[in-house]
Amino acid sequence: MTQAARITPPRALLLLVAGFVVWSSAFVWLYGGLSVGCAFGWDRITLAGTSALRLGLLLIWLVHVAALGWLLAYSRAVRQAGRSPPFVTTAATALTVVALIATVWTGLAIPATTLCI
Amino acid sequence: MRRSPAGFRPVVVAAAAAGLAGCDGPLSTLDPAGPAAATIAGLWWAMMSGGIVLLTIVMALLAWAFLRPGAGRTTSPRVWLAGGGLVLPAVVLTPLLLAGLWAGERLLARPGVPGIVRVDVTARQWQWDFVYPDATPAVSTNVLHIPVGRPVDVHVTSADVIHSFWVPRLAGKIDAIPGHVTVVRLAADRPGVFHGVCAEFCGTAHAHMGFTVEAHAADAYEDRLRRLGRNTR
Ligand SMILES: [Cu+2]
């Protein structure tokens with residue numbers, strides 16, 4: 001009888017991977033953005049006291065951190081709604097937290113290191 | 001008296017000797033002869049030290065678990081998981097990451113350093129051609145001449161497939177990519193002959209695609225380039 005209420009919405013399964021999909025997107029965009037930016041010389045354009053390239057990379061980073069913040073709030077809401085198995089939603093929330101930490105960690109080098117030479 | 005299985009000791013000695021033999025010789029990164037290679041060797045030692053610290057702690061915990069069964073039971077599994085899975089690696093790996101970033105910054109071929117010498121390198125199956133733009137028309141094949149104590153910016157490209165320019169005692173590797181120019185800065189802090197290899201598989205004769213770098217004192221270097229120039233003409 002409670003079986004119907006416990007059927008996993010596919011969304012809950014997607015939540016398991018969503019955090020690290022965002023993390024890998026951040027990684028690819030930062031990696032590609034750095035190479036493309038250096039090739040086009042965007043590091044030589046000054047914008048707001050730093051280079052346009054560094055600013056762009058910081059923006060890419062912040063967008064992904066914000067997306068993960070939203071995703072974390074969303075997966076917690078799904079968990080609290082209790083319509084999916086607690087294991088799946090708890091694991092999804094934990095994985096999103098880990099993806100958030102990893103993404104923040106990855107981007108910490110952006111302000112500090114040399115972009116192009 | 002207890003005896004180890006026959007042949008055990010020779011095997012251990014042979015394995016250790018084979019491993020340690022890699023620490024010496026003309027292609028040893030642990031025997032740096034210049035600042036760039038010294039930075040890389042320093043990073044290697046830092047990584048080695050971090051690895052030893054981690055291994056020691058893990059082995060000590062393992063020995064503790066064997067010798068005092070159940071002693072860790074009073075600590076909750078959560079503490080073991082967070083401590084061993086997150087705190088321990090973070091404490092060891094964070095300094096190593098910072099050391100790696102710092103070493104990477106030091107190795108960059110930044111412009112504006114006084115006394116830079118430029119060499120243009122073209123890799124091809126299976127040889128290395130060196131051109132000295134500061135001393136045209138000097139060229140050489142499979143022997144690179146550099147002055148001692150000056151930063152040398154090696155501009156590398158390829159005429160066919162991807163190769164990789166590597167002089168382990170002087171600097172890190174740099175890929176030789178057709179259609180691109182990549183730059184590695186190396187320097188020798190003493191005169192001598194240093195060996196280089198192609199570090200990217202590039203075909204049947206890849207393993208024989210070696211070259212040498214001869215580091216000369218200033219006068220001898222100028223003289224050598226003049227002679228190379230005359231030979232070319
Ligand atoms: Cu090669």
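This passage looks at a disulfide, a copper site and a buried serine in a predicted model.

Start with the disulfide. A search over all chains of the structure turns up just one, and it pairs Cys38(A) with Cys116(A), whose sulfur atoms sit 2.0 Å apart. A disulfide is a covalent bond between the sulfur atoms of two cysteines. The torsion about the S-S bond of Cys38(A) and Cys116(A) comes out at about -85 degrees, so this disulfide is left-handed. As for where the two ends sit, Cys38(A) belongs to helix H2 (residues 10–40) of chain A, while Cys116(A) falls in the segment after helix H4 (86–107) of chain A, so the bond ties together parts that are 78 residues apart in sequence. The two cysteines fall into separate accessibility classes. Cys38(A) has a relative accessibility of 24% and counts as partly exposed. Cys116(A), at 17%, counts as buried, because the cut-off for buried is under 20% relative accessible area.

Over in chain B, the topic is the copper ion. Its protein donors are ND1 of His163(B), SG of Cys198(B), SG of Cys202(B) and SD of Met209(B), at 2.0 to 2.5 Å from the metal. Angles among the four donor atoms run from 93 to 124 degrees, and the site is tetrahedral. That label applies because all the angles lie between 85 and 135 degrees. For reference, the ideal angle for four tetrahedral donors is 109.5 degrees. Along the sequence, the donor residues follow the spacing H-x34-C-x3-C-x6-M. Both cysteine donors, Cys198(B) and Cys202(B), are buried: the relative accessible area is 6% for Cys198(B) and 5% for Cys202(B).

That leaves Ser164(B), which is placed in strand S6 (residues 163–166) of chain B. With a relative accessibility of 1%, Ser164(B) counts as buried. What does its side chain reach at 3.3 Å? One partner is the backbone oxygen of Ile174(B), at that distance from the side chain of Ser164(B). There is also a side-chain to side-chain polar contact of 3.3 Å between Ser164(B) and Asp175(B). Setting aside neighbours within four places in sequence, the residues in contact with Ser164(B) include Trp128(B), Lys173(B), Ile174(B), Asp175(B) and Ala176(B). Val197(B), Cys198(B), Ala199(B) and Glu200(B) are in contact with Ser164(B) as well. Among these, Cys198(B) links back to the metal site, since its SG is one of the copper donors.

Conventions
Residues are numbered from 1 along each chain as its sequence is written. Chains are lettered from A and ligands numbered from 1 in the order in which they are written. This is a predicted model: local features need pLDDT of at least 70, side-chain atom pairs count only at pLDDT 80 or more; totals for chains, interfaces and linings use all residues. Side-chain values use heavy atoms; hydrogens and water are left out. A disulfide is a pair of cysteine sulfur atoms within 2.5 Å. Helices (H or I, at least four residues) and strands (E, at least two) are DSSP runs, numbered from the N terminus. Buried means under 20% relative accessible area, exposed over 50%, partly exposed in between (1.4 Å probe, protein chains only). Donors are N, O and S atoms within 2.8 Å of the metal (3.2 Å for Na, K and Ca); water is not among the atoms, so sites may look incomplete. Four donors count as tetrahedral if all angles lie between 85 and 135 degrees; four count as square planar and six as octahedral if opposite donors are over 155 degrees apart and all others between 65 and 115; anything else is irregular. A polar contact is a pair of N or O atoms within 3.5 Å; within protein, one must be able to donate a hydrogen and the other to accept it, and residues adjacent in sequence count only if both atoms are side-chain atoms. Contact means heavy atoms within 4.5 Å.
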